[in-house]
Amino acid sequence: MDLLQENFPQLFYLYSTYYTPYASYIHPLRRALLLTQSYFYRYAFPTLYPFYALTLRLLGSVFTEQPSLASLTLLAVLLLVSLKLMDVLRRAIVSWIAFAIRMIIYASVVLVGVWVYQRGLEQSLEDLGWTIGLLAGLGEQGEKMGRARAARRAKEARSIPEGHYRGRTRGARW
């Protein structure tokens, strides 16, 4: 209780003031929480409440009575069956993903073969060289832009006087 009494004024200040140094971080989280709560009470709660009440009644009777050997055996069998089903499901998903990857690889090999057949070997090699040159040029241009951006940021960091803060940080002070 002392912890709450000591920290309540600060927590109330953070909650009640609209603009705080942390507002840009708190408000999206708060909005997401409120939207999730609104969605839950509007759509999920009316659908799930009957199942919740039934489960609560059944669990209440299960936890108040002593479990029998038959119910424990049934629980163990259900656990094993559910684990086997989950293993089968996992294997099916992995096999379908592997199948899709194999089909993509085979289709790309066939498409490259058709492309080489239609264009001829020399023209295909020339096109491949042009594509590699284009990608290398794009990589060099990206590196050049990255170096220029880093130099600009370093220049900005050196030009900021002590005690001033950078850009649109809204009080985050970084």
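**Exercise 1. Place Val109 in the fold, and decide whether it is buried or exposed.**

Start with the secondary structure: Val109 sits in helix α3, which covers residues 69–119. This is a predicted model, so keep in mind that local features need pLDDT of at least 70. Next, take the accessibility. Val109 has a relative accessible area of 54%, and the cut-off for exposed is over 50%. Val109 is therefore exposed.

Now look at its company. Val109 belongs to a nonpolar surface patch of about 1,100 Å². The other members are Met86, Leu89, Ile93, Trp96, Ile97, Phe99, Ile101, Met103, Ile105 and Tyr106.

**Exercise 2. Describe the whole chain: how many helices and strands does it have, and what share of its residues is buried?**

Begin with the count. The protein chain has four helices and zero strands, and reading along the sequence gives the pattern α-α-α-α.

Then turn to the surface. The accessible surface of the chain is about 16,300 Å², and carbon and sulfur atoms account for 69% of that area. Of the 174 residues, 3% count as buried.

**Exercise 3. Find out whether Ser124 is buried or exposed, and list what it touches.**

First, the location: Ser124 is found in helix α4, residues 121–159. Second, the accessibility: the value for Ser124 is 4%. Buried means under 20%, so Ser124 counts as buried at its 4%.

Third, the contacts. Leaving aside residues up to four places away in sequence, Ser124 touches Trp115, Val116 and Arg119.

**Exercise 4. Classify the ring pair of Phe45 and Tyr49, then do the same for Trp96 and Phe99.**

A friendly reminder before you start: two numbers describe a pair of aromatic rings, the distance of the centres and the angle of the planes. The structure holds seven aromatic pairs. For Phe45 and Tyr49, the centres are 5.3 Å apart and the planes stand at 40 degrees, a tilted pair. Both residues lie in helix α2 (residues 23–64), four residues apart, which is about one turn of the helix. As for exposure, Phe45 is partly exposed with a relative accessible area of 35%, and Tyr49 is partly exposed with 42%.

Now the second pair. The ring centres of Trp96 and Phe99 are 5.8 Å apart with planes at 90 degrees, so this pair is edge-to-face; the cut-off is over 60 degrees. Trp96 and Phe99 are both in helix α3, three residues apart, again about one turn. Trp96 counts as exposed at 60% relative accessibility, whereas Phe99 counts as partly exposed at 38%. Both of these residues are also part of the nonpolar patch of Exercise 1.

To finish, widen the view around Phe45. Ring pairs join Phe40, Tyr41, Phe45, Tyr49 and Tyr52 into a cluster.

**Exercise 5. Work out which residues the salt bridges of Asp87 join into a network.**

Step one is the total: the structure has four salt bridges.

Step two is the Arg90 side. The side chains of Arg90 and Asp87 meet with 2.9 Å from N to O. These two residues are three apart in helix α3, so about one helical turn separates them. Arg90 is partly exposed, with a relative accessible area of 47%, and Asp87 is partly exposed too, with 24%.

Step three is the Arg91 side. Here Asp87 meets Arg91 in a salt bridge of 3.3 Å, N to O. The pair is four residues apart in helix α3, so about one helical turn lies between Asp87 and Arg91. Arg91 has a relative accessible area of 53% and is therefore exposed.

Step four brings in another bridge, in helix α4. Arg147 pairs with Glu143, with the closest N and O atoms 4.0 Å apart. Arg147 and Glu143 lie four residues apart in that helix, about one turn, and both are exposed.

The last step joins the bridges that share partners: Asp87, Arg90 and Arg91 form one network.

Note on methods
Residues numbered from 1 in each chain as written. Predicted model: local features only at pLDDT ≥ 70, side-chain atom pairs only at ≥ 80, totals over all residues. Heavy atoms only, no water. Patch = residues over 30% accessible without salt bridge, like charges linked within 9 Å, V, L, I, M, F, W, Y side chains within 5 Å. Areas by Shrake-Rupley, 256 points an atom, 1.4 Å probe, with all protein chains shown as cover. Buried < 20%, exposed > 50% of the residue type's maximum accessible area, 1.4 Å probe, protein only. Phe/Tyr/Trp six-rings, centres within 6.5 Å; stacked < 30°, edge-to-face > 60°. Contact = heavy atoms within 4.5 Å.
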